[in-house]
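Okay, everyone, thanks for squeezing in. Let me put the model on the screen and then we'll walk through it together.

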Amino acid sequence: MASELKYLSGFGNEFQSEDPRCPGALPQGQNNPQKCPYGLYAEQLSGTAFTAPRSENQRSWLYRIRPSVLHQPFEKVKNGHVTHDWNEQPPNPNQLRWKPFDLPKAGEKVDWLQGLHTVCGAGDPRTRNGVAIHVYMCNAPMGDKAFYNADGDFLIVPQQGTLHITTEFGKMTAEPNEICVIQQGIRFNVSVLEPSRGYILEVFDNHFHLPSLGPIGANGLANPRDFLTPVAWFEDRDIPEYQIISKYQGQLFEAVQNHSPFDIVAWHGNYAPYKYDLANFMPVNAVRFDHCDPSIFTVLTCPSNKPGTAVADFVIFPPRWAVQEHTFRPPYYHRNCMSEFMGIIYGKYEAKEEGFQPGGASLHSMMTPHGPDSQCYEGAVTDPLKPTLIADGTQAFMFESSFSMAVTKWGFDGCQKIDPAYFKCWQTLKKNFNPHWRPEK
Ligand code: FE2
């Protein structure tokens with residue numbers, strides 16, 4: 001159960017972990033001894049180029065019962081609803097909003113991998129440049145099947161149901177209001193015990209970093225010690241056909257092997273999956289007037305090569321006090337050189353109390369105007385500006401990307417969740433212009 005799992009605390013640390021059933025499994029003083037303790041094999045998992053600068057370099061050493069090369073050849077299997085074909089549909093610059101994505105029907109068994117659906121994205125994993133946004137809807141464990149993504153990292157945002165995740169590095173859970181990151185190449189299995197739904201931000205270019213804090217100082221936003229990495233756990237289980245599914249260049253492949261891939265007895269390194277509880281985020285905001293930009297709520301960022309510009313940011317809109325004087329407090333009207341995909345984990349988003357629901361989503365593409373609906377505007381310009389706890393009982397989030405994303409065929413048609421009336425929420429915004437207005441004296 002979740003409470004029984006142990007974790008290592010910190011972000012990007014050089015961790016060391018041994019399954020307590022095999023004390024001394026971790027070689028001391030060197031990475032690759034002639035013979036490892038307990039007859040284990042040593043294997044390195046590289047998450048950055050060998051020659052990446054030390055501050056960026058990520059790799060882990062794994063001490064396992066069998067090396068991961070021991071599998072049958074990969075064969076192509078059906079992709080289901082996972083795609084990186086961004087030309088399935090003509091481009092569409094409209095504001096888009098999705099009603100909550102459907103959970104599997106009663107009597108239908110869908111595991112996490114079968115329940116993956118790509119909504120939108122851009123770029124190409126072959127050139128390691130781009131993003132994809134997926135949702136998952138599932139209700140069954142994956143069984144003797146493990147998945148790894150050769151194309152990039154997954155940032156997983158559960159919205160409903162707890163994910164019980166077994167990774168090569170150990171076990172972790174992720175429940176709504178927590179997120180987890182499973183990096184390129186790491187094998188994992190997801191088990192769910194109830195109908196479950198969530199969102200995934202996939203980045204091809206780089207790994208997620210904590211944002212620089214600049215003048216904020218050493219503390220605030222997401223603090224490193226609140227990131228939790230699983231401890232080593234292994235199973236020594238021989239079975240005739242364990243399935244390994246790979247997403248490679250946007251296509252799914254399957255190989256079988258005769259044993260569980262979760263056979264790592266000890267590991268050390270700084271390339272390992274982690275989770276984070278969004279309740280630990282320390283919001284920072286304007287305390288007199290106006291707004292900070294929403295980047296002030298960045299939990300994790302995947303930087304591009306362009307300074308200050310993210311491949312994608314994961315941003316939340318957590319419960320917080322609004323105290324600004326003489327200020328229009330909701331999110332401002334906006335056109336952006338970035339793409340903004342939003343989802344909501346629970347509650348009601350302050351700029352649109354109706355229509356944007358938990359388990360649904362919205363996409364405001366490059367330079368597509370967006371902002372508060374008429375109802376929100378009218379309230380915000382007349383409500384007294386007392387200190388107010390906003391977004392109480394709510395957790396909305398944004399995947400903001402510098403890529404101009406395309407929506408997939410499933411995202412437009414297949415899911416049947418697009419709300420064609422979305423644009424109407426702004427149509428009743430009134431013209432309030434009065435050329436005779438003069439400042440009060
Ligand atoms: Fe915006």
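So, Lys 417: buried or exposed? It comes out at 16% relative accessibility, and the cut-off for buried is under 20%, so Lys 417 counts as buried. Before I go further, a reminder that this is a predicted model.

What does Lys 417 pair with? Its side chain meets that of Asp 102 in a salt bridge, 3.0 Å from N to O. These two sit in distant parts of the chain, 315 residues apart. Asp 102 is in the loop between β6 (96-98) and β7 (116-124), and Lys 417 is in the loop between α2 (409-414) and α3 (424-427). Asp 102, for its part, is at 48% relative accessibility, so that one counts as partly exposed.

Now Lys 247. Its salt bridge is with Asp 151, and the closest N and O atoms are 2.8 Å apart. Again distant parts get linked: Lys 247 is in strand β17 (residues 238-248), while Asp 151 is in the loop between β9 (145-149) and β10 (153-160), 96 residues apart. Both Lys 247 and Asp 151 are buried.

Then there's Lys 430 with Glu 378, a salt bridge with the closest N and O atoms 3.4 Å apart. Lys 430 is in the segment after α3 and Glu 378 is in helix α1 (residues 374-382), with their positions 52 residues apart in the chain. Lys 430 counts as exposed, at 54% relative accessibility, and Glu 378 is partly exposed, at 29%. There's also a network, where salt bridges with shared partners join Glu 43, Arg 64, Glu 168 and Asp 263. How many salt bridges in total? The count comes to 17.

Okay, on to the metal. The iron ion is coordinated by His 334 through ND1, Glu 340 through OE, listed twice, and His 370 through NE2, at 2.1 to 2.4 Å. Along the chain, those donors follow the spacing H-x5-E-x29-H. What about the geometry? The angles among the four donor atoms run from 57 to 147°, and the site is irregular. To count as tetrahedral, all angles would have to lie between 85 and 135 degrees, so that label doesn't apply here. Glu 340 itself counts as buried, at 6% relative accessibility.

Glu 340 also turns up among the contacts of Ser 362. Ser 362 is in strand β25 (residues 361-364), and at 3% relative accessibility it counts as buried. Leaving out residues up to four places away in sequence, Ser 362 touches Leu 96, Arg 97, Trp 98, Glu 340, Phe 341, Met 342, Phe 356 and Tyr 422.

Two of those names, Trp 98 and Phe 341, are in that contact list and also come up with the aromatics. Ring pairs link Trp 98, Phe 101, Tyr 199, Phe 314, Phe 341, Phe 397, Phe 399 and Trp 410 into a cluster. Across the whole structure, the search finds 28 aromatic pairs. Take Phe 227 and Tyr 274: ring centres 5.7 Å apart, planes at 75°, so that pair is edge-to-face. Phe 227 is in strand β16 (residues 227-230) and Tyr 274 in strand β20 (residues 274-277), 47 residues apart. Phe 227 is buried at 0% relative accessibility, and Tyr 274 is buried at 8%.

Another one is Tyr 242 with Phe 262, with centres 6.5 Å apart and planes at 80°, so edge-to-face too. Tyr 242 lies in strand β17 and Phe 262 in the loop between β18 (251-259) and β19 (264-269), so this pair ties together parts 20 residues apart in sequence. Tyr 242 is buried at 1%, and Phe 262 is buried at 2%.

Last topic, cysteines. How many disulfides does the search find? Zero, over the whole structure. Why is Cys 337 not bonded to its closest cysteine? Its sulfur is 17 Å from the one in Cys 302, which is too far for a bond. Cys 425 is in no disulfide either, with the nearest cysteine sulfur, in Cys 376, 10 Å away. Cys 425 counts as buried, at 16% relative accessibility.

And that's my tour, so over to you.

Note on methods: Residues are numbered from 1 along each chain as its sequence is written. This is a predicted model: local features need pLDDT of at least 70, side-chain atom pairs count only at pLDDT 80 or more; totals for chains, interfaces and linings use all residues. Side-chain values use heavy atoms; hydrogens and water are left out. A salt bridge is a side-chain nitrogen of Lys or Arg within 4 Å of a carboxyl oxygen of Asp or Glu. Helices (H or I, at least four residues) and strands (E, at least two) are DSSP runs, numbered from the N terminus. Buried means under 20% relative accessible area, exposed over 50%, partly exposed in between (1.4 Å probe, protein chains only). Contact means heavy atoms within 4.5 Å. Donors are N, O and S atoms within 2.8 Å of the metal (3.2 Å for Na, K and Ca); water is not among the atoms, so sites may look incomplete. Four donors count as tetrahedral if all angles lie between 85 and 135 degrees; four count as square planar and six as octahedral if opposite donors are over 155 degrees apart and all others between 65 and 115; anything else is irregular. A disulfide is a pair of cysteine sulfur atoms within 2.5 Å. Rings of Phe, Tyr and Trp (its six-membered ring) pair if their centres lie within 6.5 Å; planes under 30 degrees apart count as stacked, over 60 as edge-to-face and the rest as tilted.
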